[in-house]
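Could you walk me through this model in my viewer, one selection at a time? I would like to know what to pick next and what I will find there.

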Amino acid sequence: MTRGARLVVLGKQGAGKGTQCVRLSHYLAVPHISTGDMLRAAVKAGTEFGQLAKAYMDRGELIPDDVILGIVEDRLAEPDATRGFLLDGFPRTTVQAKALDEMVGPKAIDLALDLEVPTELVLQRLSSRRVCSTCGANYSLEVPPKLNWTCDLCGGEVVQRPDDTESAIRRRLDLYEESTAPLLEFYSDRNLLSVVDGVGTPDEVMERLVEVVDRARTSAG
Ligand code: ADP
Ligand code: ZN
């Protein structure tokens with residue numbers, strides 16, 4: 001990885017991907033590209049597309065591949081992505097993974113990280129998760145913001161995500177097993193997969209991620 005790193009981060013919903021991806025992207029000095037964040041921004045902007053996306057998201061369904069591919073292709077064409085990127089929440093299906101290869105070239109991805117967290121723990125984390133409705137910062141019932149459910153970072157209202165209901169959570173986890181889990185084999189067949197234990201404090205997990213990334217960089221020269 002002599003040029004900027006090109007990473008994809010896989011892992012179940014609620015594995016703590018979001019927060020770790022932000023930190024890892026700073027560490028690597030590459031843009032953090034989260035399809036979930038981009039979709040939530042469109043929902044918030046109230047565009048026609050945003051309203052359509054919201055209907056899928058609130059039910060825990062995936063946005064159709066052709067739609068999400070258009071969004072990612074546009075984002076990867078932005079100048080900052082030429083330095084490398086950290087893709088969070090994409091690809092999520094084999095169709096998306098193959099399309100990504102076509103966009104950036106089959107040899108362009110340096111590493112696929114899978115943040116591994118047992119399903120029971122993920123269910124527990126998702127149901128207690130709370131997020132800032134303005135900046136997206138993550139909190140939980142166990143670790144709430146300091147003051148009155150307003151965000152420590154920006155003062156926004158901290159709420160439960162509309163797709164963190166029990167039925168939407170169950171649907172997302174089913175779709176993960178069905179559509180996203182096969183990507184582990186897709187990337188391990190290409191010798192790109194590293195599985196990282198996602199159980200522990202955010203700092204512990206971050207340390208493991210940095211270790212794996214550093215090792216991949218050294219071995220790639
Ligand atoms: P989570 O990992 O908790 O499901 P995300 O923020 O990654 O959260 O995604 C939220 C929702 O956005 C998904 O449930 C899905 O509806 C939509 N979405 C995000 N990324 C993709 C993708 N790559 N393909 C299809 N739908 C996506
Ligand atoms: Zn905030």
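Two strands count as paired if DSSP finds at least two bridges between them. Keep that in mind for the first stop, and remember that you are looking at a predicted model.

Start by selecting residues 129-132, which are strand β5. Strand β5 pairs with β7 in the antiparallel sense, over two bridges. To see one partnership, show V131, whose bridge partner in β7 is V159.

Now add residues 138-140 for β6 and 158-159 for β7. With β5 these strands make an open, antiparallel sheet of three strands, in the order β6-β5-β7. β6 and β7 are the edge strands, each with a single partner, so one side of each has no neighbour in the sheet.

Next, select residues 119-128, helix α6. This helix packs on the sheet, where α6 touches β5 and β6. The directions of α6 and β5 make an angle of about 45°.

Stay with the sheet a moment longer and go to W149, in the loop between β6 and β7. Its phi is near 55°, a positive value in a residue other than glycine. Is W149 buried or exposed? W149 is partly exposed, with a relative accessible area of 33%.

For another positive phi, jump to A29, in the loop between α1 (17-28) and β2 (32-34). The phi of A29 is near 55°, and A29 is partly exposed, at 47% relative accessible area.

Finish at F90 and P91, which are joined by a cis peptide bond with omega about -5°. P91 sits in the loop between β3 (85-88) and α5 (94-104).

Terms used:
Residues are numbered from 1 along each chain as its sequence is written. Chains are lettered from A and ligands numbered from 1 in the order in which they are written. This is a predicted model: local features need pLDDT of at least 70, side-chain atom pairs count only at pLDDT 80 or more; totals for chains, interfaces and linings use all residues. Side-chain values use heavy atoms; hydrogens and water are left out. Helices (H or I, at least four residues) and strands (E, at least two) are DSSP runs, numbered from the N terminus. Contact means heavy atoms within 4.5 Å. Axes are lines fitted to C-alpha atoms, for helices over the stretch in contact, and angles run from 0 to 180 degrees between N-to-C directions. Buried means under 20% relative accessible area, exposed over 50%, partly exposed in between (1.4 Å probe, protein chains only).
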